Amino acid sequence: MPLSERERVQNTGPAGRAPTAGRVGRFLGRHLWLQVVLSLLAASALIMLLFPERSFASVLVRTAVTSVGAIAVLVARRRKEKRAAGGSADDLVSLDLRLRNGEVPEAPQERRAMRDLVAQRLHRTRHRRTALVLLGVLFGGLTVLMALTRDVRQSIGFGVLTVVFVGWMAYQGKVQDRRLRTMRAALGDDDPEGRSG
């Protein structure tokens with residue numbers, strides 16, 4: 001039975017997502033600088049909500065300066081992932097979308113690239129539980145300090161931010177780990193190391 005125009009439009013995106021969301025995801029995946037800019041703006045807006053007495057320009061500059069190390073790590077990681085995926089941002093975006101949707105590549109070269117990318121990400125996140133505990137302790141400590149030194153509104157705001165952020169990180173980490181392990185298992189049939197290990 002032929003699909004209606006509306007059904008065709010709704011089903012065009014990967015894994016049932018709207019086509020616009022897929023295009024935005026691909027665009028952001030290709031342009032790391034835009035991800036950085038949007039992250040800095042979002043972080044600055046959040047800080048402004050907690051500390052409205054500061055000017056947005058000073059918050060933005062301070063956030064950018066304190067994020068230099070994280071941005072450098074992100075750029076270095078991205079470079080390694082691009083090499084593993086075949087050398088271009090488009091290759092990496094394509095593999096990343098397949099990984100998110102659980103689509104196992106069929107071409108041998110793509111399977112090798114996906115296997116390398118999955119192995120790299122699993123290696124990088126092998127201490128994720130420990131890192132999550134440390135993050136929780138850090139944010140919990142900051143929340144206590146806020147409660148002792150700031151007013152009630154800021155303390156509650158930061159407490160809510162702590163719960164939401166740490167909870168979101170835990171959830172995303174679990175989802176990513178499950179995706180990576182599922183893909184590794186699916187690719188393991190033609191992995192010599194997987195067969196011998």
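Which helix does Leu99 lie in? That is a handy place to start, and point 1 takes it up.

1. **A first landmark.** Leu99 lies in helix 6. This is a predicted model, so please read every value below as computed from that prediction. With a relative accessible area of 4%, Leu99 falls under the 20% cut-off and is therefore buried. If you set aside the neighbours within four places in sequence, the residues in contact with Leu99 are Met114, Val118, Arg121, Arg179, Leu180 and Met183. There is also a long-range pairing to look up here: the C-alpha atoms of Leu99 and Gln176 are 9.3 Å apart, although 77 residues separate the two along the chain.

2. **The overall layout.** Stepping back, the protein chain has 10 helices and 0 strands. Its pattern along the sequence is α-α-α-α-α-α-α-α-α-α. The chain holds 197 residues, and 25% of them count as buried. What share of the contacts between residues at least 6 apart in sequence join residues at least 24 apart? The share is 57%.

3. **How helix 3 meets helix 5.** Two packed helices are described by the angle between their axes and the distance between the axes. For helix 3 (residues 32–50) and helix 5 (residues 68–85), the axes come within 11 Å and cross at roughly 155°. Angles over 145 degrees count as roughly antiparallel, so that is the description for helix 3 and helix 5. As for handedness, the crossing of helix 3 past helix 5 is right-handed.

4. **The residues at that contact.** On the helix 3 side you will find Leu32, Gln35 and Val36. They meet Ile71, Leu74, Val75 and Arg78 of helix 5. Sorted by type, the residues of this contact are 5 nonpolar, 1 polar and 1 charged.

5. **Salt bridges, and one within helix 6.** Side chains of opposite charge can pair when their charged atoms come close. How many salt bridges does a search of the whole structure find? It finds 7. One of them joins Asp96 and Arg100, with 3.0 Å between the closest N and O atoms. Both residues belong to helix 6 (residues 89–101), and because they are 4 residues apart, about one helical turn lies between them. Is Asp96 buried or exposed? Asp96 is buried, at 17% relative accessible area, whereas Arg100 counts as partly exposed at 39%.

6. **Asp177 and its two arginines.** Asp177 is worth finding in the viewer, since it appears in a salt bridge with Arg128 and in another with Arg181. In the Arg128 pair, the closest N and O atoms are 3.6 Å apart. That pair links distant parts of the chain, from Arg128 in helix 8 (residues 128–149) to Asp177 in helix 9 (residues 152–187), 49 residues apart. The Arg181 pair has an N to O distance of 2.9 Å. Arg181 and Asp177 both sit in helix 9, 4 residues and about one turn of the helix apart. On accessibility, Asp177 is buried at 12%, while Arg128 is partly exposed at 23% and Arg181 is partly exposed at 42%.

7. **A shared network.** Salt bridges with partners in common join Glu81, Asp96, Arg100, Arg121 and Arg124 into one network. Two names here will be familiar: Asp96 and Arg100 form the helix 6 pair of point 5, and Arg121 is among the contacts of Leu99 in point 1.

8. **Two more residues of helix 8.** Both Arg129 and Thr143 lie in helix 8. Arg129 has 61% relative accessibility, over the 50% cut-off, and so counts as exposed. The C-alpha atoms of Arg129 and Lys174 are separated by 9.5 Å, with their positions 45 residues apart along the chain. Thr143, by contrast, is buried, with a relative accessible area of 19%. Which residues does Thr143 touch, not counting residues up to four places away in sequence? They are Ser155, Phe158, Gly159 and Thr162.

Definitions and conventions:
Residues numbered from 1 in each chain as written. Predicted model: local features only at pLDDT ≥ 70, side-chain atom pairs only at ≥ 80, totals over all residues. Heavy atoms only, no water. Axes fitted to C-alpha atoms, helices over the stretch in contact; angles between N-to-C directions. Helix = DSSP H or I, 4+ residues; strand = E, 2+ residues; numbered from the N terminus. Parallel < 35°, antiparallel > 145°, perpendicular 65-115°, else oblique. Left-handed = near helix turned anticlockwise from the far one by under 90°. Contact = heavy atoms within 4.5 Å. Nonpolar A, V, L, I, M, F, W, Y, C, P; charged D, E, K, R; others polar. Salt bridge = Lys/Arg side-chain N within 4 Å of Asp/Glu carboxyl O. Buried < 20%, exposed > 50% of the residue type's maximum accessible area, 1.4 Å probe, protein only.
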